[in-house]
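Here is a walk through one protein chain, part by part. Have the structure open beside the text and follow along.

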Amino acid sequence: MSGPVFILGGAQSDFAANWTRQEKSLFDMIAETTRAALDDVRMDAAEIDAVHIGNFAGELFCGQGLLGGFMGHVDPGFEGKPTSRHEAACASGSMAILAAMSDILAGHYETIAVVGVEMMRNVPGETAAQHLGSAAWAGREALGARYLWPAMFSDLAEEYDRRYGLKYEHLAAISKINFDNAKRNPHAQTRSWQFGEGSFARDDDANPVIEGWMRRSDCGQVTDGSAVIVLASEKAARAYAARRGLDLAAIPRLKGWGHTTAPLMMDAKLEKSRKEGGYALPWTRKAITDAYARANIAGPDQVDGIETHDCFSVTEYMAIEHFGLTAPGEGWKAVEDGTIAFGGKLPVNPSGGLIGLGHPVGATGVRMALDAARQTSGRAGDMQVDGARTFATFNVGGSGTANVSFVIGV
């Protein structure tokens with residue numbers, strides 16, 4: 001990166017909320033979270049130069065496009081400001097961050113609000129699954145599956161089993177860690193959920209199969225939610241810090257980033273990685289190592305925590321290896337030895353992740369960045385990782401198609 005981009009602060013909605021039942025709309029979600037973010041950074045809308053919005057499927061779930069047009073209704077201070085919307089399935093929020101970062105580094109704007117949002121609980125579960133399936137190759141993938149994404153990521157688990165051997169118990173342990181972490185998170189969708197003896201077992205009653213390897217406890221949640229962060233150039237952040245009596249060095253920044261796009265079809269990805277050997281999804285590995293390199297760090301030994309995409313337990317299992325915590329095929333070691341636990345050597349998803357906290361698709365990448373910023377500025381509350389100064393994130397769209405990683409810290 002040619003210069004630092006700072007994260008001044010932000011806000012997220014309560015991911016347990018069902019906005020339709022509260023008779024609230026997609027606009028209400030954007031408006032309430034944006035206003036909360038402005039309150040957090042103690043700025044007026046008029047002080048924000050531009051807005052970038054991450055959203056995957058507003059048209060499908062809500063019949064609503066042109067989300068940037070909402071901003072002038074959120075606050076008159078946004079009227080006339082440039083807005084853009086970005087889509088890359090579950091990585092839509094990260095795409096909005098990348099675009100905002102580029103705008104700042106190019107000198108176009110000094111302060112930008114990044115909004116991630118998705119309303120998903122206003123339709124039946126199977127309808128939601130169909131809408132989300134549009135991030136696969138329509139008419140060519142998982143054609144016999146009732147639930148496309150659990151089936152697709154079951155295929156990834158099957159591939160791991162063929163290559164290295166895979167125990168379901170390790171996937172279940174990942175899910176349990178994330179649900180346990182979510183109990184510390186006041187915004188988590190599952191913070192009040194209760195689990196029984198069979199909830200993380202191969203128990204067809206307590207933990208039924210959704211598709212293949214993926215049981216109920218292995219799946220991220222269908223969630224309504226939004227998250228907003230305010231980004232600033234070094235010049236704007238320095239002035240911001242001076243006005244508020246803050247130390248600039250204590251404000252988190254985007255230290256590094258990586259972004260790759262793999263072929264859309266899962267079969268094409270896996271076929272290519274079989275031929276090359278090594279990592280199951282090399283494009284994921286490259287996004288992460290590019291972020292490390294741009295942040296001038298060698299690897300996970302220089303990271304204090306990770307917020308990663310666990311749309312399914314196997315996705316986090318894969319990410320453990322691709323972040324470099326273990327060699328390919330050995331992700332189970334970081335599960336068994338407690339490395340990824342909340343009090344472990346390198347906590348993964350102290351927020352609860354997508355399984356525990358929830359997964360409003362367009363908001364997830366923004367939420368990850370917000371949590372990373374809070375961790376590294378000591379503002380993570382009961383989720384705080386002791387001494388955290390550097391966090392890494394990984395956000396994926398589709399079956400490992402859109403890959404974005406950030407290194408965030410002070």
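## Aromatic pairs

Two rings of Phe, Tyr or Trp (for Trp, the six-membered ring) make a pair if their centres lie within 6.5 Å, and planes under 30 degrees apart count as stacked, over 60 as edge-to-face, with the rest called tilted. Keep in mind that this is a predicted model. By that yardstick, the structure holds nine aromatic pairs. Take Phe-179 and Phe-195: their ring centres are 4.7 Å apart and the planes sit at 50°, so this pair is tilted. Phe-179 belongs to helix H7 (residues 168-182), while Phe-195 is in the loop between H7 and strand S5 (209-211), so the pair ties together parts that are 16 residues apart in sequence.

Phe-195 also pairs with Phe-200, again tilted, at 5.2 Å centre to centre and 45° between the planes. How do these rings stand with respect to the surface? Phe-179 is buried, at 2% relative accessibility, and Phe-200 counts as buried too, at 17%. Phe-195 is partly exposed, with a relative accessible area of 32%. Add Trp-193 and you have one aromatic cluster, made of Phe-179, Trp-193, Phe-195 and Phe-200.

## Arginines over rings

Elsewhere, a couple of arginines turn up over aromatic faces. Arg-294 lies over the face of Trp-257, 3.6 Å from the ring centre. Arg-215 does likewise with Tyr-168, at 6.0 Å from the ring centre.

## The nine-stranded sheet

Now for the sheet. Strands of a sheet pair through backbone hydrogen bonds, either parallel or antiparallel. Here nine strands form an open sheet with mixed pairing, in the order S3-S2-S4-S7-S1-S8-S11-S10-S9. Which strands stand at the edges? They are S3 (83-86) and S9 (305-308); each has a single partner strand, so one side of each is left without a neighbour in the sheet. From one strand to the next, the twist averages 25°.

At the S3 end, strand S2 (residues 50-54) runs parallel to S3, and four bridges join the two. You can find the register from Ile-53, which stands opposite Arg-85 in S3.

## Strand S1 and its surroundings

How many of the residues of S1 are buried? Eight of the eight are, so S1 is largely enclosed by the rest of the structure. On one pairing, S1 meets S7 in the antiparallel sense over six bridges, with Gly-9 opposite Val-230 in S7. The pairing of S1 with strand S8 (residues 253-261) is antiparallel as well, over two bridges, and there Phe-6 stands opposite Arg-253 in S8.

Helix H8 (residues 234-244) is part of the picture too. H8 lies across strand S1 (5-12), strand S4 (111-118) and strand S7 (225-232), and it runs at about 65° to S1.

## Loops worth a look

Most residues other than glycine have a negative phi, and most peptide bonds are trans. Two loop residues go against that phi habit. Leu-66 has a positive phi of about 50° although it is not a glycine, and Ala-89, also not a glycine, has a positive phi of about 55°. Leu-66 is in the loop between helix H2 (58-62) and helix H3 (71-74), whereas Ala-89 is in the loop between S3 and helix H4 (92-105). Buried or exposed? Leu-66 is exposed, at 74% relative accessibility, but Ala-89 is buried, with a relative accessible area of 5%.

Another loop, between helix H12 (331-336) and helix H13 (353-356), holds Lys-345. Lys-345 is exposed, with a relative accessible area of 69%. Leaving aside residues up to four places away in sequence, Lys-345 touches Asp-301, Gly-338 and Thr-339. Asp-301 is 44 residues away from Lys-345 in sequence, yet their C-alpha atoms are 9.2 Å apart in space.

## The whole chain

Stepping back, the chain has 14 helices and eleven strands. Its radius of gyration is 20 Å, close to the 22 Å that the globule rule gives for 410 residues, so the chain is as compact as a globular protein of that length. Along the principal axes, the C-alpha atoms fill a box of roughly 55 × 45 × 40 Å.

Of the 410 residues, 60% count as buried. Among contacts in the chain with a separation of 6 or more, 77% come from residues 24 or more positions apart.

Conventions:
Residues numbered from 1 in each chain as written. Predicted model: local features only at pLDDT ≥ 70, side-chain atom pairs only at ≥ 80, totals over all residues. Heavy atoms only, no water. Buried < 20%, exposed > 50% of the residue type's maximum accessible area, 1.4 Å probe, protein only. Lys NZ or Arg CZ within 6 Å of the ring centre and 35° of its normal. Pairing = 2+ DSSP bridges. Axes fitted to C-alpha atoms, helices over the stretch in contact; angles between N-to-C directions. Contact = heavy atoms within 4.5 Å. Rg over C-alpha atoms; globule rule 2.2 N^0.38 Å.
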